[in-house]
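Here is a friendly walk through a protein model for someone meeting it for the first time. Have a look at the picture, then read on.

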Amino acid sequence: SLPGYGGWNPYFFAGHPNDTYYGPAYHYLLALVNLVFPMEIAFKLLTVASIGALPLAFYYLARRLGFERDESAVHMVMLMIPMVFVNIAAGGTLYSMFLVGLVSNAVAFPLYFVYLGKLHQTLTQYHALDGRQQRLSFVALSLLLAAITLTHFVVCFAALITLGIYLIYYLRQSSFRFGVLHGLCGLLLASFWLLPLVAFKSSVYNPGTILN
């Protein structure tokens with residue numbers, strides 16, 4: 001039940017408290033679905049939704065990058081081939097989801113692809129956007145970055161690296177300030193989890209091994 005939730009081993013990750021190194025977004029999302037459906041069904045619905053959202057999110061990214069519909073559809077299918085048929089336990093594949101249990105990865109990846117597509121569209125068309133469109137894009141990107149951060153820490157690194165690459169490219173343009181501010185805002189929204197993570201990290205022996 002919200003705001004709390006249960007049903008998991010509270011020390012599931014290397015003996016550390018739940019949501020210490022993984023953000024709480026997945027568990028809260030699952031608890032929200034559990035308000036309507038039993039936990040077993042809620043878990044399966046969220047898993048199916050994550051799998052279904054992945055190719056759609058990648059199609060959205062391809063379209064935002066300028067590919068035509070047919071090209072985007074081909075890229076979408078090509079993305080799903082390793083996701084379905086490659087037995088890698090590193091997260092993102094069906095193998096890692098069903099045999100390892102890396103379900104939060106599957107939620108974070110679609111968010112990342114949508115974030116990247118929206119970021120590219122906004123920064124490349126920034127000067128053509130009016131003030132209202134810029135504000136809406138700022139809110140959307142900040143919320144997406146916060147959601148990614150609170151869902152999966154490693155995918156958050158990928159999003160920040162992506163943002164950094166775009167900021168370098170647009171270093172001398174007005175969109176640079178937009179990108180910096182939205183990134184800071186997204187991290188600020190997730191700070192209620194990030195700040196305890198930093199504080200807890202200093203008390204753990206060799207935390208780099210866990211984060212790696």
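What pattern does the protein chain follow when read along the sequence? It goes α-α-α-α-α-α-α-α-α-α, which fits the tally of 10 helices and zero strands. Keep in mind that this is a predicted model.

**The chain as a whole**

The protein chain has 212 residues, and 40% of them count as buried. Take the contacts between residues at least 6 apart in sequence: 62% of these join residues at least 24 apart.

**Helix α1 and its buried side**

Let's start with helix α1, which spans residues 25–34. Its buried residues are Tyr-26, His-27, Leu-30 and Ala-31. Because they cover an arc of only 135° around the axis, they sit on the same side of α1. There's a general rule to remember here: an α-helix has 3.6 residues a turn, so residues three or four places apart point the same way. And what do the buried residues of α1 pack against? Their partners are α2 (39–64) and α5 (103–124).

**Empty spaces**

Rolling a probe the size of a water molecule over the atoms shows where empty space is left. The structure holds one cavity of 30 Å³ or more. Here are that kind of space and a pocket, side by side.

| Space | Volume | Nonpolar lining residues | Polar lining residues | Charged lining residues |
|---|---|---|---|---|
| Largest cavity | about 70 Å³ | nine | two | no charged residues |
| Second largest pocket | about 210 Å³ | 13 | two | no charged residues |

Which helices each supply at least two residues of the lining of the largest cavity? They are α2, α3, α4 (94–100) and α5. Among the residues that line the largest cavity are Ser-50, Leu-54, Met-80, Gly-92, Met-97 and Phe-109.

The second largest pocket is lined by 15 residues. Of these, Ala-25, Leu-29, Val-107, Leu-111 and Thr-151 lie nearest its centre. For this pocket, α1, α2, α5 and α6 (131–151) each supply at least two residues of the lining.

**Two residues up close**

His-75 lies in helix α3, residues 69–85. Is His-75 buried or partly exposed? It is partly exposed, because its relative accessible area is 27%. Leaving aside residues up to four places away in sequence, His-75 touches Phe-58 and Phe-67. His-75 and Phe-58 are 17 residues apart in sequence, and their C-alpha atoms are 7.9 Å apart in space.

Now hop over to Thr-149, which lies in helix α6. Thr-149 counts as buried because its relative accessibility is 0%. With residues up to four places away in sequence again not counted, Thr-149 touches Cys-156, Leu-187, Ala-190, Trp-193 and Leu-194.

**The cysteines**

One of those contacts of Thr-149 is Cys-156. Cys-156 counts as buried, because its relative accessibility is 4%. Cys-185, on the other hand, is partly exposed, with a relative accessible area of 25%. A disulfide is a covalent bond between the sulfur atoms of two cysteines. How many disulfides does the count come to? With a cut-off of 2.5 Å for a pair of cysteine sulfur atoms, the count comes to zero disulfides.

Terms used. Residues are numbered from 1 along each chain as its sequence is written. This is a predicted model: local features need pLDDT of at least 70, side-chain atom pairs count only at pLDDT 80 or more; totals for chains, interfaces and linings use all residues. Side-chain values use heavy atoms; hydrogens and water are left out. Buried means under 20% relative accessible area, exposed over 50%, partly exposed in between (1.4 Å probe, protein chains only). Helices (H or I, at least four residues) and strands (E, at least two) are DSSP runs, numbered from the N terminus. The arc is that of the directions from the helix axis to the C-beta atoms. Contact means heavy atoms within 4.5 Å. On a 1 Å grid over the protein atoms alone, a cavity is a set of points where a 1.4 Å probe fits but cannot get out, and a pocket is an open set with protein on both sides within 12 Å along at least five of seven lines; lining residues have an atom within 4 Å of a point. Grid points are joined across faces, edges and corners, and a volume is the space filled by probe spheres set on the points. Ala, Val, Leu, Ile, Met, Phe, Trp, Tyr, Cys and Pro count as nonpolar, Asp, Glu, Lys and Arg as charged, and the others, Gly among them, as polar.
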